Amino acid sequence: MDNSIKKQQAFSLIEVLVFVSILSMFFVLAAAVVTFSLRDMKINEHKIIATQYADELMEWLRSQKEVDWETFYTKADINGLVYCFNEQVTSVTNITDLISGDCGAVYDGIEGQSPEIFKREATLTTEGLDQVNVLVEVEWKELGNSYKVPIKSVLTLWE
Amino acid sequence: MGIRKFLSFTLIEIMVVIGVIGLVLPALFTIIFAILQQQTKIIRIQEVKRQGDFVLGVIKTEIKNSAISIHSGLPLTDLNKVCQTMFVEEAACFKDRNGNWFRFYIPSGTTRIASISASGFSDLTNDKVIINDFSINCYKPGDYSPAIVDIKYKICYNNGDSCSSSRPEENMTITYQTKIKLRVIDF
């Protein structure tokens with residue numbers, strides 16, 4: 001009699017196992033969702049920063065073109081010249097100092113600004129005598145994936 | 001006696017349960033805190049960039065499309081015209097095609113950029129952000145070329161009347177700088 005009551009009041013091993021496995025499935029799912037959303041948020045944050053870097057460089061190139069079209073034009077050619085802009089554009093005082101060359105496979109960010117995972121390049125291609133096509137690309141690597149924010153613009157002598 | 005024994009929890013059972021809760025709760029709060037922190041960062045960066053882009057867009061378009069001459073103050077006369085030489089000067093007021101004036105400035109006692117003209121006044125940013133080092137300067141590279149206007153400002157998220165906060169994820173500052181050429185040459 002005593003024995004049967006004891007049996008009635010406790011859970012069996014199977015019951016406990018089923019409960020624990022359902023609970024653990026729920027927790028694993030919740031953890032996965034949280035991890036994915038945190039990762040996406042981080043990527044989004046870097047995307048906004050990358051867009052800002054690209055906008056900043058485009059604005060700088062546009063301002064150089066406004067100031068001195070002739071010099072700006074000599075910095076481009078028909079096949080496209082690539083420039084690396086990993087320094088802050090405010091510290092590049094003059095476009096005449098620019099030397100073409102890409103950034104290579106180094107992703108160490110824009111000088112003095114964290115996170116240090118970006119690289120920024122601009123490609124200047126001439127089209128005729130009064131137009132330069134500009135492509136600014138900010139690239140970064142995150143969790144084994146490569147991301148890129150490209151901005152294209154056409155700069156002409158007349159506008 | 002045997003029945004009573006099963007109606008209450010033993011010390012070991014209670015300790016195991018509290019132990020598990022003690023492990024799960026800190027982990028849970030850490031995750032929630034990480035999400036909130038990340039969200040704060042993204043919201044701030046978006047707000048600063050949105051308002052910064054807007055200000056730059058408005059100022060660039062207005063000056064490029066409307067300005068025909070630059071003056072140091074009001075009323076607009078030929079005597080207070082600036083930027084007729086290579087010498088860099090402050091561009092306080094602009095004259096548009098219809099002879100009306102407009103200017104961009106930081107109203108005293110505020111940290112916002114405002115646009116004002118004879119026909120009205122409007123704020124370009126709100127109190128969520130702070131504008132620093134705002135300047136509009138101009139010069140003329142040659143006698144027969146239009147004046148070049150240099151616009152600069154820093155914009156940051158407002159952490160209680162200051163750009164900096166004790167928490168690093170709340171600090172967000174962007175520097176904007178551009179130059180534009182007027183469409184017309186002013187002699």
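Here is a short set of questions and answers about the two-chain model shown above.

Reader: Before we start, what kind of model is this, and how are its parts labelled?
Author: Residues are numbered from 1 along each chain as its sequence is written, while chains are lettered from A and ligands numbered from 1 in the order in which they are written. Local features need pLDDT of at least 70, side-chain atom pairs count only at pLDDT 80 or more, and totals for chains, interfaces and linings use all residues, since this is a predicted model.

Reader: Okay, which helices and strands does chain A have, in order from the N terminus?
Author: Helices (H or I, at least four residues) and strands (E, at least two) are DSSP runs, numbered from the N terminus. Chain A has three helices and four strands. Read from the N terminus, the order is α-α-α-β-β-β-β.

Reader: What is the radius of gyration of chain A?
Author: The radius of gyration is taken over C-alpha atoms, and the globule rule is 2.2 Å times the number of residues to the power 0.38. For a compact globule of 159 residues, that would be near 15 Å. The C-alpha atoms of chain A fill a box of roughly 105 × 30 × 25 Å along the principal axes. The radius of gyration of chain A is 28 Å.

Reader: How much of chain A is buried?
Author: A residue is buried if 20 or more other C-beta atoms lie within 10 Å of its own, exposed if 12 or fewer, and partly exposed in between, with C-beta atoms placed from the backbone. Out of the 159 residues in chain A, the buried share is 21%.

Reader: Is Val89(A) buried or exposed?
Author: Val89(A) sits in the loop between strand E1 (81-84) and strand E2 (118-126) of chain A. Its C-alpha atom is 6.9 Å from that of Trp60(A), although the two are 29 residues apart along the chain. Val89(A) has 20 C-beta neighbours inside 10 Å, so it counts as buried.

Reader: Which element of chain A gives the most to the side that touches chain B?
Author: Two residues are in contact if their C-beta atoms, placed from the backbone, lie within 7 Å. The contact between the chains takes 19 residues from chain A and 22 residues from chain B. On the chain A side, helix H1 (2-9) and helix H2 (13-67) each supply at least two residues. The one that gives the most, with 13 residues, is H2(A).

Reader: How far apart are the end C-alpha atoms of H2(B)?
Author: The expected span of a helix is 1.5 Å times one less than its number of residues. H2(B) has 56 residues, so it should span 82 Å. That agrees with the distance between its end C-alpha atoms, which is 82 Å.

Reader: What do the buried residues of H2(B) pack against?
Author: Among the buried residues of H2(B) are Val48(B), Val55(B), Ile59(B) and Ile63(B). They belong to a buried set that packs against E3, E4, E7, E8 and E9 of chain B, together with H2 of chain A.

Reader: Which element gives the most to the largest nonpolar core?
Author: A nonpolar core is a set of buried Ala, Val, Leu, Ile, Met, Phe, Trp, Tyr and Cys residues joined through C-beta atoms within 7 Å. The largest one has 31 residues, and Cys138(B) and Ile155(B) are among those that touch the most other members. Helix H2 (11-66), strand E3 (93-95), strand E7 (129-139), strand E8 (148-157) and strand E9 (173-181) of chain B each give two or more residues. With seven residues, the top contributor is E8(B).

Reader: Which strands stand at the edges of the open sheet in chain B?
Author: Two strands pair if DSSP finds at least two bridges between them. The order of the four strands is E2-E7-E8-E9, with antiparallel pairing, and nine bridges join E7(B) to E8(B). Each edge strand has a single partner, so one side of it is left without a neighbour in the sheet; these are strand E2 (89-90) and E9 of chain B.

Reader: Which peptide bond is cis?
Author: Most residues other than glycine have a negative phi, and most peptide bonds are trans. Pro75(B) lies in the loop between strand E1 (69-71) and E2 of chain B. With omega near -5°, the cis bond runs from Leu74(B) to Pro75(B).
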